[in-house]
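Work through the exercises below with the structure open. Each task is followed by a stepwise solution.

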Amino acid sequence: MSLRARVVALIAAVLAISMAMGTVVAGYEARQALNGELAAGLGGARQTVASAFEDLPHSDHPARDLRQLIATFDGNRHVRASLLDAEGRPVLISHTRAPDHPAPPWFARLLGAMPPEAEIAVPGSAAGFRAIVLAPTAGIDVSAAWREFISIVAVLSGSAALGLVLVYLVISAAFRPLRALAGQFARVGAGDYSGRVAERGPTELFGLQRGFNRMAAELAATTERNRLLGDQLLTIQEEERADIARDLHDDIGPHLFAVNMDAEMIAQLGDLGRHEAVPEHVRAIQAAVAHMQRQVRDLLSRLRPARMTELGLNAAICDFVRFWSQRRPDIAFRLNLLEDECRLPEAAKDVVYRVVQEAANNAVRHGDPHTIEIAFTLDAQQTLTVSVADDGVGRAAPSAVGGFGLVGMGERVAAAGGTLSFGPDPDGGWTTTARLSLDSASMTQAAA
Ligand SMILES: Nc1ncnc2c1ncn2[C@@H]1O[C@H](COP(=O)(O)OP(=O)(O)OP(=O)(O)O)[C@@H](O)[C@H]1O
Ligand SMILES: [Mg+2]
């Protein structure tokens with residue numbers, strides 16, 4: 001059952017209960033009033049009869065007086081008077097007006113028991129009459145009460161129905177934004193983050209709508225960023241493979257060829273018996289092999305920056321610095337690393353290495369610096385500060401592609417419960433700083 005139907009049903013039930021209670025109270029009061037009226041009518045009638053009976057013994061025409069007495073009750077709406085003969089048979093009954101629209105018997109019963117009939121003996125059984133019976137009659141009052149009851153019920157039912165229709169319309173209008181919100185949530189659940197809801201309506205909904213729109217926008221931005229990061233990762237992988245293929249082709253290929261040539265020469269010299277020339281070719285082969293070994297080691301260190309896990313953070317950073325120093329001898333690297341890196345959790349080492357790697361790569365790529373300084377400090381509160389500062393151009397023009405390095409660094413550091421700051425320095429150059437609390441719970445989570 002929908003919330004709207006529940007609310008409407010609840011209000012309908014409350015209205016029905018209050019109508020029923022109102023009817024019971026009104027019925028009870030009508031019953032009391034009717035009984036009072038009948039009792040009063042009967043009392044008045046008794047008095048009329050009693051005072052007539054006082055004069056009866058002095059009357060010359062008691063029979064006529066008794067008939068006239070009965071006739072005085074004609075049209076009385078509360079009492080019907082009957083004159084009984086000596087045998088107790090009614091010989092004359094006053095006329096009571098029958099109601100035009102009598103009430104149903106159940107309604108008359110509901111209004112309560114009538115006061116009992118009163119039989120008043122004719123004094124001295126004058127003119128052969130025994131008694132006058134006064135019977136309460138409530139037909140007209142009950143019919144009037146019935147009409148009133150019907151009109152009250154009609155008015156109450158009409159206004160309740162109208163009220164329900166209004167409540168239904170108001171609730172439908174109030175729930176419309178909720179339905180829109182539910183629809184958009186379903187779309188988000190299905191992976192479509194493009195939908196937004198209009199931010200209007202009651203205050204409670206307004207906050208919900210604004211929160212939803214922000215959440216959807218954030219999800220859309222994160223998804224887009226992930227997609228771009230994924231694309232970039234693929235591009236980087238392809239570039240790296242092409243780079244390695246080029247290195248293998250340009251560095252290893254010629255040396256293998258040279259080794260092959262030297263080996264052939266040694267064979268020919270052996271056939272010709274010119275053994276004195278052999279050592280020179282052997283040395284050439286050894287030099288080529290040594291060169292190839294160095295190339296292979298370089299390749300391996302590029303393919304497996306995870307040497308850190310084998311050699312430790314400081315060694316991995318030194319390795320990385322050596323890689324750039326060979327290619328950019330014009331840049332001086334200054335290292336100020338932690339002496340006791342064992343105090344760093346493994347998860348922190350990984351984050352730190354990636355920060356140093358990306359920040360130093362950025363410095364080389366964008367800053368054109370003379371010096372790059374990599375410094376670690378660990379304070380008494382166990383906060384590790386890692387800074388990579390260069391004395392290059394400061395803010396360089398953003399590269400046409402990419403632009404994910406800083407974002408990625410920020411995400412890594414945030415995931416480890418730390419903060420990252422970066423930007424050009426006031427006197428030139430650029431500094432990237434990461435702060436990590438080694439006690440933080442996120443560090444444990446990041447490690448998990
Ligand atoms: N050391 C620096 N010196 C000068 N500019 C820098 C430095 N570090 C970052 N920048 C500027 O910040 C921009 C964003 O850097 P970011 O690392 O996010 O992207 P990128 O290096 O251009 O590309 P990639 O996604 O490959 O890292 C750079 O394009 C550059 O303009
Ligand atoms: Mg970068």
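A residue is exposed when its relative accessible area is over 50%, buried when it is under 20%, and partly exposed in between. The model is predicted.

**Exercise 1. Classify Asp368 and Gln382 by accessibility, and describe their backbone.**

Step 1. Place Asp368. It is found in the loop between α9 and β6 (371-378).

Step 2. Apply the cut-off. Asp368 has a relative accessibility of 52%, so it counts as exposed.

Step 3. Read the backbone of Asp368. Its phi is near 50°, a positive value in a residue other than glycine.

Step 4. Turn to Gln382. This residue lies in the loop between β6 and β7 (383-390).

Step 5. Classify Gln382. Its relative accessibility is 24%, so it counts as partly exposed.

Step 6. Check phi again. Gln382 is not a glycine, yet its phi is positive, about 65°. For background, most residues other than glycine have a negative phi.

**Exercise 2. Which residues coordinate the magnesium ion (ligand 2), and how are they placed in α9?**

Step 1. List the donors. Glu358 contributes OE and Asn362 contributes OD1. The distances are 2.0 to 2.1 Å.

Step 2. Find the element. Both residues are in helix α9 (residues 346-367).

Step 3. Use the spacing. Glu358 and Asn362 are 4 residues apart in the helix, so about one helical turn separates them.

Step 4. Add the accessibility. Glu358 is buried, and Asn362 is buried too.

**Exercise 3. Determine how α9 packs with α10, and which residues meet.**

Step 1. Take the geometry. Helix α10 (residues 405-415) packs with α9 at an angle of about 165°. The axes are 10 Å apart.

Step 2. Classify the angle. Values over 145 degrees count as roughly antiparallel, so α9 and α10 are roughly antiparallel to each other.

Step 3. Give the handedness. The crossing of α9 and α10 is left-handed.

Step 4. Name the partners. From α9 come Asp350, Val351, Arg354, Val355, Glu358, Ala359 and Asn362. They meet Gly405, Leu406, Met409, Arg412 and Val413 in α10. Glu358 and Asn362, the magnesium ligands, are thus among the α9 residues of this contact.

Step 5. Sort by class. The contact of α9 with α10 has 6 nonpolar, 2 polar and 4 charged residues.

**Exercise 4. Is Val355 buried or exposed, and which residues does it touch?**

Step 1. Locate Val355. It sits in helix α9.

Step 2. Apply the cut-off. Val355 has a relative accessible area of 2%, so it is buried.

Step 3. List its contacts, leaving out residues up to four places away in sequence. Val355 touches Met409, Val413 and Ala434.

Step 4. Compare sequence with space. Val355 and Ser387 are 32 residues apart in sequence. Their C-alpha atoms are 8.9 Å apart.

**Exercise 5. Work out the packing of α8 with α9.**

Step 1. Take the geometry. Helix α8 (residues 313-327) packs with α9 at an angle of about 15°, with the axes 10 Å apart.

Step 2. Classify it. The angle is under 35 degrees, so α8 is roughly parallel to α9.

Step 3. Give the handedness. The crossing of α8 and α9 is right-handed.

Step 4. Name the partners. Leu313, Ala316, Ile317, Phe320 and Trp324 come from α8. The α9 side includes Lys349, Tyr353 and Val364.

Step 5. Sort by class. The contact of α8 with α9 has 10 nonpolar, 2 polar and 1 charged residues.

**Exercise 6. Describe the packing of α4 with α5, then place Val197.**

Step 1. Take the geometry. Helix α4 (residues 139-189) and helix α5 (residues 203-272) pack at about 20°, with axes 11 Å apart.

Step 2. Classify it. α4 and α5 are therefore roughly parallel to each other. Their crossing is left-handed.

Step 3. Name the partners. Among them are Leu181, Gln184 and Phe185 of α4, and Gln209, Phe212 and Met215 of α5.

Step 4. Sort by class. The contact of α4 with α5 has 11 nonpolar, 2 polar and no charged residues.

Step 5. Place Val197. It is in the loop between α4 and α5. Its relative accessible area is 9%, so Val197 is buried.

Step 6. List its contacts, leaving out residues up to four places away in sequence. Val197 touches Ala180, Leu181, Gln184, Gln209, Phe212 and Asn213.

Technical notes
Residues numbered from 1 in each chain as written. Chains lettered and ligands numbered in written order. Predicted model: local features only at pLDDT ≥ 70, side-chain atom pairs only at ≥ 80, totals over all residues. Heavy atoms only, no water. Donors = N, O, S within 2.8 Å, 3.2 Å for Na, K, Ca; no water. Helix = DSSP H or I, 4+ residues; strand = E, 2+ residues; numbered from the N terminus. Buried < 20%, exposed > 50% of the residue type's maximum accessible area, 1.4 Å probe, protein only. Axes fitted to C-alpha atoms, helices over the stretch in contact; angles between N-to-C directions. Parallel < 35°, antiparallel > 145°, perpendicular 65-115°, else oblique. Left-handed = near helix turned anticlockwise from the far one by under 90°. Contact = heavy atoms within 4.5 Å. Nonpolar A, V, L, I, M, F, W, Y, C, P; charged D, E, K, R; others polar.
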